[in-house]
Amino acid sequence: MTTRDPRYDILFEPIKIGPVTAKNRFYQVPHCTGMGWLRPRMVADMRATKAEGGWGVVCTEYCSIHPSTDDMPTPSHSLWDSGDVKAHRLMTDKCHEHGALAGVELWVGGSRVSNLYTREPPLDVASMPNWNGDPYQSRAMDKYDIQQLRRRHRDAALRARDAGFDIIYVYATHRYLIDNFLNPQINNRTDEYGGSQENRMRLLRELIEDTMEAVGDTCAVAVRYTVDDGGGPDGTPVHGDRMEIFEALAELPDLWDINIWDYSLEMGTSRFTREGALEDYMSTVRSKTTKPVVTVGRFTSPDTMASQVKRGIVDFVGAARPSIADPFLPQKIEQGRPEDIRECIGCNICYTGDSKHYPLRCTQNPAMGEEWRRGWHPENIDVKGSDDSVLIVGAGPTGLEAARALGQRGYTVMLAEATRELGGRVSAESKLPGLSEWARVRDYRVGQLDKLHNVEIYRESELGLDDILAVGVDHVAIATGASWRRDGYGNYHQCPMDPLPPEDKTFTPDDLFSGRLPSGTTVVFDDDGFYLAGAIADKLVKNGNEVIYVTPHALVSNWSDNSGDQPRVHKHLAELGVKIILNHGVDSFDGETAVLGCAFTEAQQSIAADNLVLVTCRTPRDELYYKLLDAIEEGVEGAPKSVKRIGDAEAPAIIAAAIYAGHKYARELDCEIDRDNPAKYDRVFFEDS
Ligand SMILES: Cc1cc2nc3c(=O)[nH]c(=O)nc-3n(C[C@H](O)[C@H](O)[C@H](O)COP(=O)(O)O)c2cc1C
Ligand code: SF4
């Protein structure tokens with residue numbers, strides 16, 4: 001085993017946090033999972049895997065202190081009663097077994113939640129509209145409510161201690177209740193909790209003191225806090241009121257977990273945000289407190305991490321997404337193999353779980369969320385179940401991941417790719433403006449495949465049925481991806497456009513990827529609704545085209561609302577000069593005029609355009625699969641024992657699904673899977689009353 005590079009020694013120093021000590025500086029900051037109170041065993045094993053991977057601190061997601069605050073339909077965590085204490089024990093015990101500290105982020109939602117589960121009126125500093133647009137308002141807290149809140153927060157801290165947590169948070173950011181008390185624009189109270197800075201910070205001060213008093217002898221008390229006042233352009237902090245409050249409270253808690261005002265920068269996608277993007281916000285923070293400081297920045301490079309610590313920006317390297325993409329990131333640095341890190345690509349698919357209330361998943365890490373229910377470990381995999389050989393056709397994300405994981409299992413694998421370049425859609429899409437980091441999906445896998453002597457890669461090898469029969473392998477996986485449709489079929493047109501737009505003036509994303517670009521005014525029709533059409537519009541502007549972006553959705557790159565970067569996509573396209581037409585589909589195009597139809601009425605409008613780019617829907621490339629299936633059924637000589645189509649060749653979807661499909665194929669080859677009960681499901685059980 002290689003040893004770690006001494007440049008990174010500093011990352012492995014133990015750091016004291018009040019009464020507890022973290023074994024190193026790798027700190028998994030709070031992040032949701034879409035599992036929370038609803039799926040305690042899934043979430044516990046997921047956190048335990050990070051502890052096993054070397055993180056010195058592993059935190060929960062936001063954790064409701066009491067039924068007076070819930071975030072339905074998203075299952076946050078909760079610490080309402082002894083049942084919750086028991087659920088959290090699953091996590092804390094496992095973290096401790098691996099030498100990690102366990103942290104819990106006590107949370108009160110305020111007007112960001114509507115309490116759709118408990119149906120209690122949300123409480124906040126004032127009576128305000130729900131921040132997420134639900135038709136509910138909060139009740140302004142009176143002094144009795146504040147007393148109750150303090151008692152409930154204290155009780156939750158005691159339950160957290162009983163559950164085995166080492167670090168207990170006061171969560172004072174992200175526009176939840178405590179943050180709102182601090183905010184001079186929102187806090188217009190006239191009592192001792194409003195008005196002056198001293199009054200606005202009173203609740204936070206009291207909650208820190210209460211928590212210290214209740215559990216501070218055995219647990220560290222952390223505060224998650226926004227240190228800037230917002231409003232400046234990216235990377236240009238405006239420091240004022242928040243920094244003054246920070247200075248006033250600097251020595252109270254045991255640890256500061258620092259965030260910034262703009263969540264879309266804090267959790268920015270790689271399309272708009274670079275690694276370490278919070279550094280300018282942090283530069284003066286650490287000099288104002290003697291307590292350890294942690295912050296985030298989608299850190300995947302050990303050089304950046306060590307540099308931030310050495311230059312005194314932070315004490316701990318905070319990470320949400322890098323720990324999701326690679327739970328074993330610290331161990332890989334420690335073992336001197338940073339090239340094995342599965343780097344986060346900044347796509348925020350993980351965050352879509354939060355937005356859409358489903359269990360966490362990750363583009364880079366197919367095992368994320370599957371640790372308990374499928375028993376998948378991100379680094380380990382069962383050895384092969386036979387000496388059979390496997391041919392994978394197509395080296396896109398699915399084929400690369402299948403080959404990597406089968407190779408790790410010890411199978412003899414042939415990976416055939418029709419083109420010169422590996423990576424399929426990932427390679428193509430990563431050449432679009434802003435998406436270059438997505439190539440990490442390919443690069444990680446190609447790097448791992450280079451180490452596997454049992455996997456052969458054949459480039460420029462487009463295989464037909466006869467070629468495969470001639471090879472005579474045991475198993476074939478068809479991972480040939482999908483093609484974008486040229487006929488407009490999709491959500492808006494549920495049958496092909498009639499008449500079809502002229503071929504020489506119609507483009508698909510595949511045309512653009514292969515270098516066939518339109519010239520002149522171009523309509524980009526985004527019926528797909530995620531990132532691709534927006535990125536294509538960006539590319540075409542850079543190509544010199546005048547671009548008109550048309551979508552039947554109410555938002556540009558509609559589904560990106562779930563990954564948190566939709567407003568930035570809209571702003572970016574608008575600033576590039578793209579003409580944006582929402583709530584409309586392209587009814588027809590004759591090469592000169594596009595007729596647009598309103599998504600709600602029969603109204604139509606015509607616009608002049610030279611070309612049309614259709615981003616509507618894909619067709620799986622599965623011809624070879626059916627031919628092989630016939631060959632197997634007919635017992636043709638050389639036919640494999642099994643054929644499967646996987647990834648986009650089976651059902652086109654996001655890249656995370658493509659990676660998952662390749663991984664699943666590799667995991668399940670030669671394994672007995674009960675197709676009626678393919679996984680354990682974390683359910684709510686109840687006792688007879
Ligand atoms: C999936 C996901 C869920 C998150 N949930 C929480 C949360 O529950 N509480 C919180 O304080 N921050 C939450 N965050 C924000 C992260 O703690 C962190 O500030 C942000 O992701 C930037 O750090 P990173 O670049 O290391 O990902 C979440 C982030 C992600 C990606
Ligand atoms: S889903 Fe994307 S952003 Fe989230 S951790 Fe994985 S690679 Fe990173």
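**Close-ups of two ligand shells, a strand and a helix**

α11 hands over the largest share of the shell around ligand 2, namely 3 residues. Keep in mind for every panel below that this is a predicted model.

**View 1. The surroundings of ligand 2, with 13 residues in the shell.** The closest residues here are Arg321, Cys344, Cys347, Cys350 and Cys362. Two elements, α11 and α13, each give two or more residues to this shell. Sorted by class, the shell around ligand 2 comes out as 8 nonpolar, 4 polar and 1 charged residues.

**View 2. Ligand 1 and the 22 residues that surround it.** Look for Cys32, Val296, Arg298, Ala320 and Arg321, which are the closest to ligand 1. At least two shell residues apiece come from β4 (57-64), α11 (321-325) and α13 (349-356). Which element gives the most to this shell? For ligand 1 it's α13, with 3 residues. As for chemistry, the shell around ligand 1 splits into 11 nonpolar, 4 polar and 7 charged residues.

**View 3. Strand β14 (residues 389-393) and the strands on which it pairs.** The rest of the structure largely encloses β14, because 4 of its 5 residues are buried. One partner is β15 (residues 412-416), which runs parallel to β14 and is joined to it by 5 bridges. To find your way along this pairing, start at Leu391, whose bridge partner in β15 is Met414. Between these two strands the chain passes through helix α14 (residues 397-409), making a right-handed β-α-β crossover. β14 also pairs with β17 (residues 475-478), again in the parallel sense, over 4 bridges. A handy landmark for that pairing is Val393 of β14, which has Ile478 as its bridge partner in β17.

**View 4. Helix α22 (residues 655-668), shown end to end.** How far does this 14-residue helix reach from its first C-alpha to its last? The span of α22 is 20 Å, close to the 20 Å expected at 1.5 Å a residue. Is α22 mostly buried or exposed? Of its 14 residues, 13 are buried, so the helix is largely enclosed by the rest of the structure. When you look along any α-helix, residues three or four places apart point the same way, because there are 3.6 residues a turn. Past the helix, check Asp670, which follows α22 and has a positive phi, near 65 degrees.

Key:
Residues are numbered from 1 along each chain as its sequence is written. Chains are lettered from A and ligands numbered from 1 in the order in which they are written. This is a predicted model: local features need pLDDT of at least 70, side-chain atom pairs count only at pLDDT 80 or more; totals for chains, interfaces and linings use all residues. A residue is near a molecule or strand if its C-beta atom, placed from the backbone, lies within 6 Å of it. Ala, Val, Leu, Ile, Met, Phe, Trp, Tyr, Cys and Pro count as nonpolar, Asp, Glu, Lys and Arg as charged, and the others, Gly among them, as polar. A residue is buried if 20 or more other C-beta atoms lie within 10 Å of its own, exposed if 12 or fewer, and partly exposed in between; C-beta atoms are placed from the backbone. Two strands pair if DSSP finds at least two bridges between them. A crossover is right-handed if, with the strands pointing away from the viewer, the path from the first strand over the helix to the second runs clockwise. The expected span of a helix is 1.5 Å times one less than its number of residues.
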